[in-house]
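Colleague: Thanks for sitting down with me over this one. Could we go through it together, a question at a time?

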Amino acid sequence: MFESLSQRLQNTFDRLGGGRVVTEQDVKDAMRDVRMALLEADVALPIVKDFVGRVRDRAIGAEVHKTLRPHEQVVKIIHEEMRDTLGEAGRLNFSGSTKPHVIMMVGLQGSGKTTSAAKLAMYLRKEGRQPFLVAADTYRPAAVDQLVTLAKQVNIPYYEEGVSAKPTDIAKRGLEAAKNADASVVIIDTAGRLQIDDQLMTELEEIKRRTNPAEILLVADAMTGQEAVNIATGFNERVGITGLVLTKVDGDARGGAALSMRAVTGVPIKFMGTGEKISLETFEQFHPERIADRILGMGDMMTLIEKA
Amino acid sequence: MGIFKRGLSRTRQSLVGRISQMLGNTEIDEDTWDDLEASFIQADLGLETTETVLDYLKETTAREGITRTNQLDKVLKESLYALLDPPPPLNITGRDLSIILIVGVNGSGKTTSIAKLANRFKKEGRNVMLAAGDTFRAAAIEQLQTWGERAGVPVIANKPGSDPGAVVYDAIQAAQARNADLLIIDTAGRLHNNYNLMRELEKIRNVISKAVPDAPHEVLLVLDGTTGQNALKQGQKFAEATNVTGLIITKLDGTARGGMIFSVFTEVGAPVQFIGLGEGIDDLVRFDVKQFVDGLFEF
Ligand SMILES: Nc1nc2c(ncn2[C@@H]2O[C@H](COP(=O)(O)OP(=O)(O)OP(=O)(O)O)[C@@H](O)[C@H]2O)c(=O)[nH]1
Ligand SMILES: Nc1nc2c(ncn2[C@@H]2O[C@H](COP(=O)(O)OP(=O)(O)OP(=O)(O)O)[C@@H](O)[C@H]2O)c(=O)[nH]1
Ligand SMILES: [Mg+2]
Ligand SMILES: [Mg+2]
């Protein structure tokens with residue numbers, strides 16, 4: 001079922017005969033292949049339409065590079081467009097924020113917030129900062145235990161007050177505790193929630209208001225389907241996210257959600273989670289190239305581009 | 001079934017508006033099919049299922065001389081009903097001890113679903129026990145223990161990091177000794193493409209079969225309702241490793257539509273048994289094909 005896009009395009013162009021210029025008919029047929037490939041990779045439909053439109057405009061009349069066959073030329077355009085859409089790997093941005101800088105982890109239930117919070121703390125420590133964790137999920141059973149266990153495991157200071165206080169108060173007091181501990185970055189782990197849950201989204205707004213975060217990272221599962229657009233838009237509209245963390249990238253999902261979320265929010269993807277273990281190896285800077293190849297289902301992309 | 005409606009109502013609104021508005025009452029034309037296709041894709045049905053349903057609809061409308069969009073409703077629903085089987089009763093009665101093994105990828109909702117199942121069966125008068133087979137994830141044991149207390153069912157656990165097979169073995173012994181008639185086993189989340197972890201799951205399964213020859217009597221795969229096409233691979237791989245007998249789809253209380261159920265069911269053949277509609281202990285309902293489909297495509 002998952003024939004690579006490159007193969008698919010090659011078949012299409014072989015059928016068409018393939019001249020030295022990419023014609024309108026070539027492009028029309030090729031775009032059907034692209035659309036299919038993107039949908040199979042879980043890119044959300046509105047984003048697919050938009051993307052295909054842009055590739056079409058660039059491809060019609062494109063001169064075929066002398067070392068490339070027409071289908072390769074189109075693949076090259078698609079790849080470039082994909083890279084542009086995914087954007088550069090985003091970096092954490094603490095400018096305009098005073099120490100300790102606050103990072104809020106937000107997202108749907110089970111997306112990987114708590115795990116990513118601990119990994120991010122390790123990452124920051126390696127960068128020479130003094131990270132600090134705050135356990136503000138009082139809803140999920142043993143969520144506090146989970147964060148505390150991880151904090152102890154990797155030796156990061158933390159703040160918790162069990163589950164009897166309100167998350168907004170815990171966040172605020174956690175920030176104070178971090179100041180007293182001379183921490184430079186405070187990571188607040190919040191409970192998973194649906195973007196349509198008004199009460200819980202209001203709670204996030206309140207935590208934001210009281211802790212003034214430099215970064216609000218939306219943690220999203222790489223296996224997410226068409227829902228990606230609603231999730232990203234929902235969180236962004238309510239709390240204004242500043243970055244995305246894509247988790248479970250060690251799976252074999254094609255990861256179209258990354259493209260969908262990036263496209264609808266314009267917010268950069270900053271990190272990828274690539275394993276359950278809390279370690280620096282499983283928390284990577286986002287690689288647009290790798291995700292682009294994956295969404296397009298082609299491992300041979302780089303060789304092709306290098307030819308041109 | 002009030003809760004089913006409540007949980008799916010948001011799903012319904014978002015699709016209802018679109019489909020009924022879109023279909024209206026006009027002549028069926030290319031746009032009708034395009035709009036339907038878009039709706040199916042956005043409900044995560046996937047390209048293959050979408051094609052299958054559309055082809056069927058086109059054939060049927062041609063054969064039956066249907067020309068108006070408002071006549072499509074019935075045909076559409078029936079074609080979707082036909083793609084799913086109603087869940088048969090769980091195979092957990094008629095013996096001293098029945099065992100349910102719960103499997104799935106990370107964070108899909110396994111532990112929470114176990115709490116909901118335990119609560120449900122306990123209320124039905126069963127003597128339920130839980131096994132904390134996730135010894136890997138931080139505080140996974142405490143999570144299950146907290147749920148066990150809330151549901152009022154005992155949890156058999158060992159230390160974090162201990163061998164899950166050993167915990168499972170102990171739990172079966174304990175269940176037999178204490179005359180439990182239903183044991184539900186939690187396992188650590190694992191991605192289906194992780195060879196070692198899938199082997200570990202096979203081993204856990206073997207421990208169960210050794211202790212109780214015809215067990216596990218049910219192997220339920222928990223799928224996150226917001227998952228897209230990857231659900232199909234999850235279904236295939238977990239079925240290969242553990243012989244999945246049923247599915248639980250969680251998190252359908254949001255706006256996710258769970259359309260990937262169709263292809264997973266077609267591929268794996270295991271029926272959807274339950275749907276998760278929230279984080280509370282009562283937020284689990286039996287899967288009902290008609291309600292699910294009607295909820296998705298209410299006109
Ligand atoms: N394989 C893999 N598993 C991951 C990754 N990130 C998180 N997980 C696992 O996903 C599951 C959920 O992770 P959590 O960190 O508990 O997710 P959460 O968003 O905090 O969940 P809630 O607090 O319940 O909303 C756990 O089993 C984690 O071990 C990743 O990058 N790869
Ligand atoms: N909204 C909603 N949340 C759910 C549902 N089922 C589970 N959750 C939430 O999803 C998150 C993950 O659930 P768990 O039960 O811990 O998932 P798991 O599969 O056991 O996770 P791991 O053991 O880490 O692999 C928690 O925050 C749950 O509260 C559901 O039906 N609806
Ligand atoms: Mg968490
Ligand atoms: Mg669990």
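**Two ligands, two chains**

Modeller: Happily! Let me start with one contact: a nitrogen atom of ligand 1 has a backbone N or O atom of A:Gly275 at 3.2 Å. Keep in mind that this is a predicted model.

Colleague: How much of the accessible area of ligand 1 does the protein cover?

Modeller: On its own, ligand 1 has 650 Å² of accessible area. Of that area, the protein covers 96%.

Colleague: Which residue brings a polar side-chain atom to 2.7 Å from an oxygen atom of ligand 1?

Modeller: There is also a backbone contact to an oxygen atom of ligand 1, from A:Thr274 at 3.4 Å, but you are asking about a side chain. The closest of the 23 surrounding residues include A:Lys113, A:Thr115 and A:Arg140. The polar side-chain atom at 2.7 Å belongs to A:Thr114.

Colleague: Which element supplies the largest share of the shell around ligand 1?

Modeller: By class, that shell divides into two nonpolar, 13 polar and eight charged residues. Ligand 1 lies between chains A and B. The largest share, four residues, is from helix 5 (residues 113-126) of chain A.

Colleague: Turning to ligand 2, why is its site described as shared between chains?

Modeller: The shell has 23 residues, and those that come nearest include B:Gly109, B:Thr111 and B:Glu279. Helix 5 (residues 110-123) of chain B gives the most, with four residues. The site is nevertheless shared, because the residues that surround ligand 2 are from chains A and B.

Colleague: Which side chain has an N or O atom 2.6 Å from an oxygen atom of ligand 2?

Modeller: Let me sort the contacts by atom. A polar backbone atom of B:Ser108 is 3.2 Å from an oxygen atom of ligand 2, while the side chain of B:Asp253 has an N or O atom 2.8 Å from a nitrogen atom of the ligand. The side chain at 2.6 Å from an oxygen atom is that of B:Lys110.

Colleague: Which three residues supply the most of the area that chain A buries against chain B?

Modeller: Between them, chain A and chain B bury about 3300 Å², with 59% of it on carbon and sulfur atoms. The contact involves 36 residues of chain A and 39 residues of chain B. On the chain A side, 19% of the buried area is supplied by A:Met223, A:Asp252 and A:Glu276.

Colleague: Where is the cis peptide bond that has omega near -5°?

Modeller: Most peptide bonds are trans, so a cis one deserves a look. In chain A, a cis bond joins A:Lys99 and A:Pro100, with omega about -10°. In chain B, the loop between helix 8 (195-211) and strand 5 (218-224) holds B:Pro216. The bond with omega near -5° runs from B:Ala215 to B:Pro216.

Colleague: What is the phi of A:Asp42?

Modeller: Most residues other than glycine have a negative phi. A:Asp42 sits in the loop between helix 2 (24-40) and helix 3 (45-59) of chain A. Although A:Asp42 is not a glycine, its phi is positive, at about 70°.

Colleague: Finally, which stretch of chain A has pLDDT below 50?

Modeller: Chain A has a mean pLDDT of 90, and 93% of its residues reach 70 or more. Where pLDDT is low, the predicted coordinates should not be read in detail. The stretch below 50 covers residues 300-304.

Definitions and conventions
Residues are numbered from 1 along each chain as its sequence is written. Chains are lettered from A and ligands numbered from 1 in the order in which they are written. This is a predicted model: local features need pLDDT of at least 70, side-chain atom pairs count only at pLDDT 80 or more; totals for chains, interfaces and linings use all residues. Side-chain values use heavy atoms; hydrogens and water are left out. A residue is near a molecule or strand if one of its heavy atoms lies within 4 Å of it. A polar contact is a pair of N or O atoms within 3.5 Å; within protein, one must be able to donate a hydrogen and the other to accept it, and residues adjacent in sequence count only if both atoms are side-chain atoms. Helices (H or I, at least four residues) and strands (E, at least two) are DSSP runs, numbered from the N terminus. pLDDT is the predictor's confidence in each residue, from 0 to 100. Contact means heavy atoms within 4.5 Å. Buried area is the accessible area (1.4 Å probe) that two parts lose on being put together, summed over both. Accessible areas come from the Shrake-Rupley method with a 1.4 Å probe; for residues, only the protein chains shown count as cover. Ala, Val, Leu, Ile, Met, Phe, Trp, Tyr, Cys and Pro count as nonpolar, Asp, Glu, Lys and Arg as charged, and the others, Gly among them, as polar.
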